[in-house]
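Colleague: I am new to reading structures. Could you show me one and explain the words you use for it?

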Amino acid sequence: MIIREFTPTDLKRVYEIENMSFDQSYGINMFKSLYDMGTGFLVAEVDGYVIGYILFWIKYQNQGHIISLAVDKNYRRMRAGTRLLSKAIQVLMLFNVANIYLEVNEKNCGAYEFYKSFNFKVDRIVPSYYASGDGAIVMYLPIGAGL
């Protein structure tokens, strides 16, 4: 498995993974726009086949943000998500962010536990965050820069 930068030829496959992973997708045009804006965008690849992705950016001067992370359901438990998140954290640390934030659907216990295993902490709950009416657990990882 390799972790590499996203290229536009990955767009269709990333969109497929997004759709199989979430009830509500960002949409293919949003992925393209985020890429065009220079957002951090990495993919996990096995034998030339994209199996997962992560999107991240610096939301404020000292705050990173994980926009989306997903792995093809047929390739989960291969540590692709772990490797993608680890690489995104490394990149964000290069920019001296103090914290990295993300949102997790309150019903997604697997994702919540995954982020807890990286020492993400709960910041707050936002009711009705998602279009489905589900709330979001806002989590953050303090990485110490700028403190």
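Modeller: Let us go through some labels and check each one against its cut-off. Keep in mind that this is a predicted model.

Colleague: What makes up the protein chain, in helices and strands?

Modeller: The protein chain has 4 helices and 7 strands. Along the sequence, the pattern is β-α-α-β-β-β-α-β-α-β-β.

Colleague: Why is the protein chain called as compact as a globular protein of its length?

Modeller: Set the radius of gyration against the globule rule. The rule gives 15 Å for 147 residues, and the radius of gyration of the protein chain is 15 Å, so the protein chain is as compact as a globular protein of that length. Its C-alpha trace spans about 40 × 35 × 30 Å along the principal axes.

Colleague: Why is Asp 10 called buried?

Modeller: Buried means under 20% relative accessible area. Asp 10 has 5%, so Asp 10 is buried. Asp 10 sits in the loop between β1 (2-5) and α1 (11-21). Leaving out residues up to four places away in sequence, Asp 10 touches Arg 4, Glu 5, Val 43 and Val 50.

Colleague: And why is Lys 107 called exposed?

Modeller: Exposed means over 50%. Lys 107 has 60% relative accessibility, so Lys 107 counts as exposed. Lys 107 belongs to the loop between β5 (99-105) and α4 (109-117).

Colleague: What makes Ile 58 partly exposed?

Modeller: Partly exposed lies between the 20% and 50% cut-offs. Ile 58 has 35% relative accessibility, so Ile 58 fits that label. Ile 58 lies in strand β3 (residues 49-60). With Leu 94 and Phe 95, Ile 58 forms a nonpolar patch on the surface. Together the three have about 330 Å² of accessible area.

Colleague: How do you know that Glu 45 and Arg 4 form a salt bridge?

Modeller: A salt bridge needs a side-chain nitrogen of Lys or Arg within 4 Å of a carboxyl oxygen of Asp or Glu. The closest N and O atoms of Glu 45 and Arg 4 are 2.8 Å apart, so the pair qualifies.

Colleague: Why does this pair tie together separate parts?

Modeller: Glu 45 lies in strand β2 and Arg 4 in strand β1, so the pair ties together parts that are 41 residues apart in sequence. Glu 45 is buried at 14%, whereas Arg 4 is partly exposed at 23%. Salt bridges that share partners join Arg 4, Asp 10 and Glu 45 into one network.

Colleague: How do you know that Asp 134 and Lys 107 form a salt bridge?

Modeller: Apply the 4 Å cut-off again. Their closest N and O atoms are 3.1 Å apart, so this pair also counts. Asp 134 is in the loop between β6 (121-126) and β7, and the partners are 27 residues apart. Asp 134 counts as buried at 12%.

Colleague: How many salt bridges does the whole structure have?

Modeller: The search finds 8 salt bridges.

Colleague: Which residues have the most contacts inside the largest nonpolar core?

Modeller: They are Ile 54, Ile 66, Leu 85, Ile 100, Tyr 115 and Phe 120, in a core of 26 residues. The largest share, 6 residues, comes from α3. A second, separate core has 13 residues, including Phe 6 and Phe 31.

Colleague: Why would nonpolar side chains gather like that?

Modeller: In soluble globular proteins, nonpolar side chains tend to be buried together.

Methods. Residues are numbered from 1 along each chain as its sequence is written. This is a predicted model: local features need pLDDT of at least 70, side-chain atom pairs count only at pLDDT 80 or more; totals for chains, interfaces and linings use all residues. Side-chain values use heavy atoms; hydrogens and water are left out. Helices (H or I, at least four residues) and strands (E, at least two) are DSSP runs, numbered from the N terminus. Buried means under 20% relative accessible area, exposed over 50%, partly exposed in between (1.4 Å probe, protein chains only). Patches are made of residues with over 30% relative accessible area and no salt bridge: like charges are joined within 9 Å, nonpolar side chains (Val, Leu, Ile, Met, Phe, Trp, Tyr) within 5 Å. Accessible areas come from the Shrake-Rupley method with a 1.4 Å probe; for residues, only the protein chains shown count as cover. A nonpolar core is a set of buried Ala, Val, Leu, Ile, Met, Phe, Trp, Tyr and Cys residues joined through side-chain atoms within 4.5 Å. The radius of gyration is taken over C-alpha atoms; the globule rule is 2.2 Å times the number of residues to the power 0.38. Contact means heavy atoms within 4.5 Å.
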